[in-house]
Amino acid sequence: MMNETMKVDRRDAKLALAHIYVAFTALALGGLAGLLQTLVRSGKFNLPAGISYYTILTTHGTLLGLVLTTFFIIGFQFAAISRTSGTLSDRVRFWAWVGFWTMTIGTAMTVFYILTGQASVLYTFYAPLQAHAGFYIGLTLLVVGSWISGFATFAHYARWKKQNPGKASPLLTFMAVVNMILWLVSTLGVAATVLIQLLPWSLGITDRVNVLVSRTLFWYFGHPLVYFWLLPAYMVWYAVIPKIIGGKIFSDSLARLAFILFLFLSIPVGFHHQLLEPGIKPFWKFIQVFLTLMVVVPSLMTAFAMFATFEAYGRSKGATGLFGWLRKLPWGDARFFAPFVGMVFFIPAGAGGIINASHQMNQVVHNTIWVTGHFHLTVATTVVLTFFGAAYWLIPHLSGRVMTKAMNRLAIIQTVVWTIGMSFMSGSMHFAGLLGAPRRSAFSTYGNSPQALEWIPYQIAQAVGGTILFIGIILVLVIVINLAFFAPKGETEFPVAEAAEPQERTALAMENWKLWIGITVALILIAYTIPFVDMIQNAPPGSKGYKLW
Ligand code: HEM
Ligand SMILES: [Cu+2]
């Protein structure tokens, strides 16, 4: 039975929904851009009215990689902390709205400069490509707004701790706090390059920019960014899915420990995106690759915990044999099915990640469309399908409605459509990449070179997959709009599971923030200080800005 404390307060629900609306608007526009990209790259289609491929690609990467994710995550986390640690205070809610509007205004500015062709610098905005200053200002507002929301989250957590001395915080609140610490520490890098380097340079205050420093600061942020996407999906896997299937959390302490390890191991590893960068000594690349691969530990902990939960539940229902428990899982429930498919896709995605991070193999795939294939499995499938699965209970919970059987069926179909579309698109990206096809390139036969002609069948398969995926986007939008505005009124549960064996003392020990932040900072200093000093002391003259579009 539901009682008052298990429901997100209506005022907090409005806040969370506002974030979710922006997120799905970004999905609609960004998804359309994605479709157009696959069509252009098939060689059978040209963009009308002189629109540049790179304008579309910047729109896609920014709206989906940065906007959809950040807004969905912050909205979801506000709902989660309100659900598990009580209604937000008026002050915290006020600041959360300030954060929301700052982010939204920043997003609108950024998108304006991209769509008007003044910022076709792709979502990584690498120097020496130079965008209009408004693009960087918009991005700054997006990040500053998210910081405000981060501090609002911390304030809510602190209030809970004050009201519950000596108790471990609720799991979902703990996880949201870890994710916002990760976000704050990592966005310092991107804020530094934007505010100190790129903005003054785009305004003409400085003439030249240190490219290597700006890329390093970008990837100091860019890798933890992917864990900022992933941890909310893990929040759903660890704390929500067990409840949906009717089971328990395998271990509350293990879940917390995994999150702390992700905090340690997500930031001091940005060099694995810069393995072919000439200005960094191999030793430091090696250190950072080692730390990168350590992430296998919390990842396998997570995989183990999930399958232990599934198996324990299946056996409690009388399943026998090695895999009999699989049959007991609620396959017809989209709240389970979509995230489960996401988990399955994470297996090849993780294997591909190990390839990317390995120095020698990276040389084969570097800057090819293999990489794009990889992160459409991670973020655009594992993370996004988990978010869709969460939206199927979160949105009706917040809007005071219920998901009908018909909508649930549509959501199952949506998941299948995504699976098929992504297998085609990401699969052919992986193959084309192995054959050397570059990422971030409009269609070209490169003067009919035999190698480029080999890519074309894969590029056509990519467009087939992209078209199927776009149908998937239309389906999920239909479901989301239904759940927000049209579904029958009623009560929907915000599922939060209990631990199999609550161990309050170990859980409490996990809240030693000074120690965790101390280790995080120490690892960052070890991995970055010397190479960074080197980059500045031995800097080349720096580059002027280029607008190549
Ligand atoms: C309809 C679904 C989608 C399609 C058809 C699609 C298609 C594509 C294609 C073809 C590219 C590579 C273009 C190139 O390198 O030349 C790309 C890049 C990208 N996509 Fe998607 N995508 C889809 C969904 C998503 C989703 C859901 C996300 C994130 C949540 C996402 C994030 C990205 C990012 C970050 C890039 C990199 C942009 C860059 O390299 O600058 N995509 N997408
Ligand atoms: Cu990375």
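# Helix packing, nonpolar cores and salt bridges

Colleague: The axes of α6 and helix α9 (residues 296-316) lie 10 Å apart; at what angle do the two helices pack?

Modeller: This is a predicted model, in which local features need pLDDT of at least 70, side-chain atom pairs count only at pLDDT 80 or more, and totals for chains, interfaces and linings use all residues. Residues are numbered from 1 along each chain as its sequence is written, chains are lettered from A and ligands numbered from 1 in the order in which they are written, and side-chain values use heavy atoms, without hydrogens and water. Helices are DSSP runs (H or I, at least four residues), numbered from the N terminus. With axes fitted to C-alpha atoms over the stretch in contact, and angles running from 0 to 180 degrees between N-to-C directions, α6 and α9 pack at about 0°.

Colleague: Is α6 roughly parallel or roughly antiparallel to α9?

Modeller: Angles under 35 degrees count as roughly parallel, over 145 as roughly antiparallel, 65 to 115 as roughly perpendicular and the rest as oblique. As α6 and α9 pack at about 0°, the relation of α6 to α9 is roughly parallel.

Colleague: How many nonpolar residues does the contact of α6 with α9 have?

Modeller: Contact means heavy atoms within 4.5 Å, and here Y234, W237, Y238, I241, P242 and I245 of α6 meet M301, T302, A305, M306, T309, F310 and Y313 of α9. Ala, Val, Leu, Ile, Met, Phe, Trp, Tyr, Cys and Pro count as nonpolar, Asp, Glu, Lys and Arg as charged, and the others, Gly among them, as polar. Two residues of this contact are polar and none is charged, while the nonpolar ones number 11.

Colleague: How are α6 (residues 211-245) and α7 (residues 252-266) arranged, roughly parallel or roughly antiparallel?

Modeller: Their axes are 10 Å apart, and the angle is about 175°. The two helices are therefore roughly antiparallel.

Colleague: Which helix gives the largest share of the largest nonpolar core?

Modeller: A nonpolar core is a set of buried Ala, Val, Leu, Ile, Met, Phe, Trp, Tyr and Cys residues joined through side-chain atoms within 4.5 Å; buried means under 20% relative accessible area, exposed over 50%, and partly exposed in between (1.4 Å probe, protein chains only). The largest core has 174 residues, of which F24, F125, F135 and F310 touch the most other members. Its largest share, 24 residues, comes from α6.

Colleague: Which residue of helix α4 (residues 133-163) is linked to E511 by a salt bridge?

Modeller: A salt bridge places a side-chain nitrogen of Lys or Arg within 4 Å of a carboxyl oxygen of Asp or Glu. The pair in question meets at 3.0 Å, N to O, and joins α4 to the loop between α15 (504-509) and α16 (513-537), 350 residues apart. E511 counts as buried because its relative accessibility is 10%. At 23%, its partner counts as partly exposed; this is K161.

Colleague: How far apart in sequence are E511 and R256?

Modeller: Their side chains also meet in a salt bridge, at 3.8 Å from N to O. E511 lies in the loop between α15 and α16 and R256 in helix α7, so the pair ties together parts whose separation is 255 residues.

Colleague: Which residue meets K544 in a salt bridge?

Modeller: The N to O distance of this pair is 3.1 Å. K544 lies in the segment after α16, and its partner, 337 residues apart, lies in the loop between α5 (171-202) and α6. K544 is partly exposed at 38%. Also partly exposed, at 48%, is the partner, D207.
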